[in-house]
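Morning, everyone. I have one structure to show and a few minutes to talk about it. Let me put it up.

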2 protein chains.
Amino acid sequence: MTTTDLLSRLRGRDWRLSAQRRAVAEVLVGDHVHLTAEEVHELARSRLPEISRATVYNTLNELVAMGELGVVDVVDGPRRYDPYVTAHHDHLVCDRCHTIRDVPRTTALPQVADDARGGFLVTGVEITYRGLCPDCAARYGR
Amino acid sequence: MTTTDLLSRLRGRDWRLSAQRRAVAEVLVGDHVHLTAEEVHELARSRLPEISRATVYNTLNELVAMGELGVVDVVDGPRRYDPYVTAHHDHLVCDRCHTIRDVPRTTALPQVADDARGGFLVTGVEITYRGLCPDCAARYGR
DNA sequence: TCCTGTATTAGAAGAAGTCTAACTTAGGAA
DNA sequence: TTCCTAAGTTAGACTTCTTCTAATACAGGA
């Protein structure tokens, strides 16, 4: 297993690693983690009780801008942050409880036909599968 | 051209078509329209000045639940509503100005591998291409 | 040590959407 | 007609999530 975690990647960056930023980065560990800002704050607080909400948001936004953190939008509810940016993957989202599951991207990357692109510069593709997670499917689905 | 517009589709439904609901539906016309709730309210107001925000939101939510209206989430900024639900298509979203462009879905539908699905019931797939629209690419891109 | 720019903080403010309670309306029953 | 009921509408309060602001703290270089 050679996945480089967020914290080690950040050491190689020209980015001041304060105690607060470290606390945020330490919490964003694992390949299948999709935390809300609130959850990150909660967890970071257990390492550094005085860390503020604004700092958590600032840090998350910076990490996203640096490309070190992904964002998953589940339509309902708050944004989720995904530290697993080292391999392309897609998301299964439960329409009921908003659980997210990672799925490897096996299909060939979809392409936009040249004539449909109309001058648009395409830099990325997101595939989101929607449906019901096992729990919600058992409870409400068929 | 045989695209059935939203309003005609609604006539075939068991759904009371009040003046307010009609105003909302009349505004959601066209195959490449992605309005925010605020924009729908604004336009509906020009037909029915006393229509309230709550009614616009209620109506939009009902139409979405009925499957007669699509939702596009652009991560930043408000949700957009897309009356073009009669043909599968995907979206190109500008990361800077949040413009949306429809693209026909030409690729085969991506599939989730059985072993990655893990009991998840998949009901739909959304493909979102991200990048810069022509205007923003000219201004900021390379 | 001083200086400068970056980070952090609490709390206010903003944006988007939902909820509440009162009011209106339409249609059916008596 | 008059009454009744259920559905629809309304203004405005409220929630939730995120960003902004202004004050303060801090770190590293001159």
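I'll go through the protein surface around one DNA strand, then turn to a single arginine. Keep in mind that this is a predicted model.

Start with DNA strand C. There are 17 residues around this strand. The nearest are S18(A), E50(A), T55(A), Y57(B) and P78(B).

What is the make-up of that surface by class? Seven residues are charged, five are polar and five are nonpolar.

Now the DNA side. Which part of the strand lies within 4 Å of the protein, sugar and phosphate or bases? Of the atoms of strand C within that distance, 72% belong to sugar or phosphate, and the rest belong to bases.

Next, the phosphate contacts. S18(A) places a polar side-chain atom 2.2 Å from a phosphate oxygen of strand C. For T55(A), an N or O atom of the side chain is 2.8 Å from a phosphate oxygen. With R79(B), the backbone takes part: an N or O atom there lies 3.2 Å from a phosphate oxygen of the strand.

Which elements give two or more residues to this surface? In chain A, helix 2 and helix 4, residues 53–65; in chain B, helix 4, also 53–65. Helix 4 of chain B gives the most, with four residues.

Last, the arginine. R21(A) sits in helix 2 of chain A, which covers residues 19–27. Its side chain reaches the backbone oxygen of R16(A) at 3.0 Å. Leaving aside neighbours within four places in sequence, R21(A) is in contact with W15(A), R16(A), T59(A) and E62(A).

That's it from me.

How values were computed:
Residues are numbered from 1 along each chain as its sequence is written. Chains are lettered from A and ligands numbered from 1 in the order in which they are written. This is a predicted model: local features need pLDDT of at least 70, side-chain atom pairs count only at pLDDT 80 or more; totals for chains, interfaces and linings use all residues. Side-chain values use heavy atoms; hydrogens and water are left out. A polar contact is a pair of N or O atoms within 3.5 Å; within protein, one must be able to donate a hydrogen and the other to accept it, and residues adjacent in sequence count only if both atoms are side-chain atoms. Contact means heavy atoms within 4.5 Å. A residue is near a molecule or strand if one of its heavy atoms lies within 4 Å of it. Ala, Val, Leu, Ile, Met, Phe, Trp, Tyr, Cys and Pro count as nonpolar, Asp, Glu, Lys and Arg as charged, and the others, Gly among them, as polar.
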